[in-house]
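Reader: I am new to this structure. Can we take it step by step, in questions and answers?

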Amino acid sequence: MSDAKFADQLWIDAFLQHLSGQRNYSQRTLDAYARDLERFLRWREGDLLQVNVQQVSQYVGLLKRQGLASSTIARSLSSLRSFYGFLLKRGAVDTNSASACVAPKNAGKLPRVLDTDQAAQLLNFASDTPEALRDKALLELFYGSGLRLSELADLRLSNLDLTQGIVQVLGKGGKERRVPLGRICIGVLQQWMRSRSNPNSVWLFPGRAGSAISVRTIQNRLKKVASVQLGDDSLHPHMLRHTYATHMLESSGDLRAIQELLGHSDIATTQIYTHLDFQHLAKVYDKSHPRAQNINVERAESDTAKSTREPSTAKT
């Protein structure tokens with residue numbers, strides 16, 4: 001490796017360390033940044049500190065000619081903007097060479113979602129084998145919570161409180177949120193937890209060698225189930241997230257609560273959602289989600305039991 005490339009790699013490593021330590025980005029996000037920057041470094045074959053706007057534009061043009069999706073190109077350009085912004089703040093460069101570059105426009109397609117009948121059909125299969133039970137638990141949790149793929153894959157048993165019907169999620173940027181679960185989802189998860197082949201694993205869905213299940217495994221299982229149940233293998237985890245949000249919005253009309261449940265981090269709406277407490281979110285979920293029947297009654301009974309406990313006989 002040349003001295004210039006070695007120096008470039010040091011800057012990339014420092015940038016990734018900054019994102020990890022200061023911005024608390026997840027490992028998957030860090031890996032995506034690393035891939036984007038390393039691909040640019042391979043193309044550049046020179047000093048990253050000497051890149052100009054024209055060269056970044058040439059690189060974007062190359063990605064277009066290679067047939068990459070607009071969203072992928074936009075993400076790559078976003079990675080470069082962040083990287084050169086990091087270098088600029090540290091005085092390594094005089095300007096952010098990627099900031100003036102314009103990403104290709106997305107086609108603006110609306111996300112595909114399942115209607116309620118399709119969602120019911122997708123989940124209507126027997127869970128008579130360990131693999132089928134795991135698949136049903138995965139699908140019920142996706143559709144019943146709207147979690148991102150990475151969030152679901154990384155769930156530990158300690159993140160679940162099935163008595164209260166809650167899953168604690170560590171989302172983007174290390175932001176935690178609590179998401180309520182419906183009765184059907186809770187029931188399937190309880191069955192899955194009792195039948196796991198590795199009961200000592202800390203992971204809700206254990207993978208190989210003691211690690212969590214891989215995102216690739218989840219994606220493949222969803223496609224296989226959808227192929228059988230719907231005759232279409234194009235299902236992906238984010239489609240279930242979109243479906244969750246769409247069905248919730250259709251039923252409740254409470255966009256603010258739904259955004260909080262999804263863990264979106266848009267700055268313009270964050271201040272609004274900080275005033276929404278979890279009980280409000282749980283009530284919206286209980287009233288709105290197709291697979292949350294009766295859990296609202298159970299929560300109400302739990303709250304009533306807590307408030308009507310016999311007072312202590314000890315004198316004060």
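Reader: Which element gives the most residues to the lining of the largest pocket?
Author: This is a predicted model. Elements that give two or more residues to that lining include α4 (70-89), β2 and α10. Helix α2 (27-44) is on that list too. With seven residues in the lining, the top contributor is α2.

Reader: How much space lies in the largest pocket?
Author: The pocket is lined by 42 residues. Among those closest to its centre are Ser26, Thr29 and Lys172. The space in this pocket comes to about 1,500 Å³.

Reader: How many charged residues are in the lining of the largest pocket?
Author: Sort the lining by class. Ten residues are nonpolar and 19 are polar. The charged residues number 13.

Reader: Which element supplies the largest share of the largest nonpolar core?
Author: Nonpolar side chains tend to be buried together in soluble globular proteins. Here the largest nonpolar core has 46 residues. Elements with at least two residues in this core include α5 (116-123), α8 (183-195) and α11 (255-262). The largest share is seven residues, and it comes from α6.

Reader: Which residues does Ile218 touch, leaving out those up to four places away in sequence?
Author: Ile218 is one of the core members that touch the most other members. Contact here means heavy atoms within 4.5 Å. By that cut-off, and beyond four places in sequence, Ile218 touches Leu138, Phe142, Leu149, Leu152, Ala153 and Ile213.

Reader: How many residues are in the second, separate core?
Author: Val51, Ile73, Phe83 and Cys101 are among its members. This second core is separate and has 26 residues.

Terms used. Residues are numbered from 1 along each chain as its sequence is written. This is a predicted model: local features need pLDDT of at least 70, side-chain atom pairs count only at pLDDT 80 or more; totals for chains, interfaces and linings use all residues. Side-chain values use heavy atoms; hydrogens and water are left out. A nonpolar core is a set of buried Ala, Val, Leu, Ile, Met, Phe, Trp, Tyr and Cys residues joined through side-chain atoms within 4.5 Å. Buried means under 20% relative accessible area, exposed over 50%, partly exposed in between (1.4 Å probe, protein chains only). Helices (H or I, at least four residues) and strands (E, at least two) are DSSP runs, numbered from the N terminus. On a 1 Å grid over the protein atoms alone, a cavity is a set of points where a 1.4 Å probe fits but cannot get out, and a pocket is an open set with protein on both sides within 12 Å along at least five of seven lines; lining residues have an atom within 4 Å of a point. Grid points are joined across faces, edges and corners, and a volume is the space filled by probe spheres set on the points. Ala, Val, Leu, Ile, Met, Phe, Trp, Tyr, Cys and Pro count as nonpolar, Asp, Glu, Lys and Arg as charged, and the others, Gly among them, as polar.
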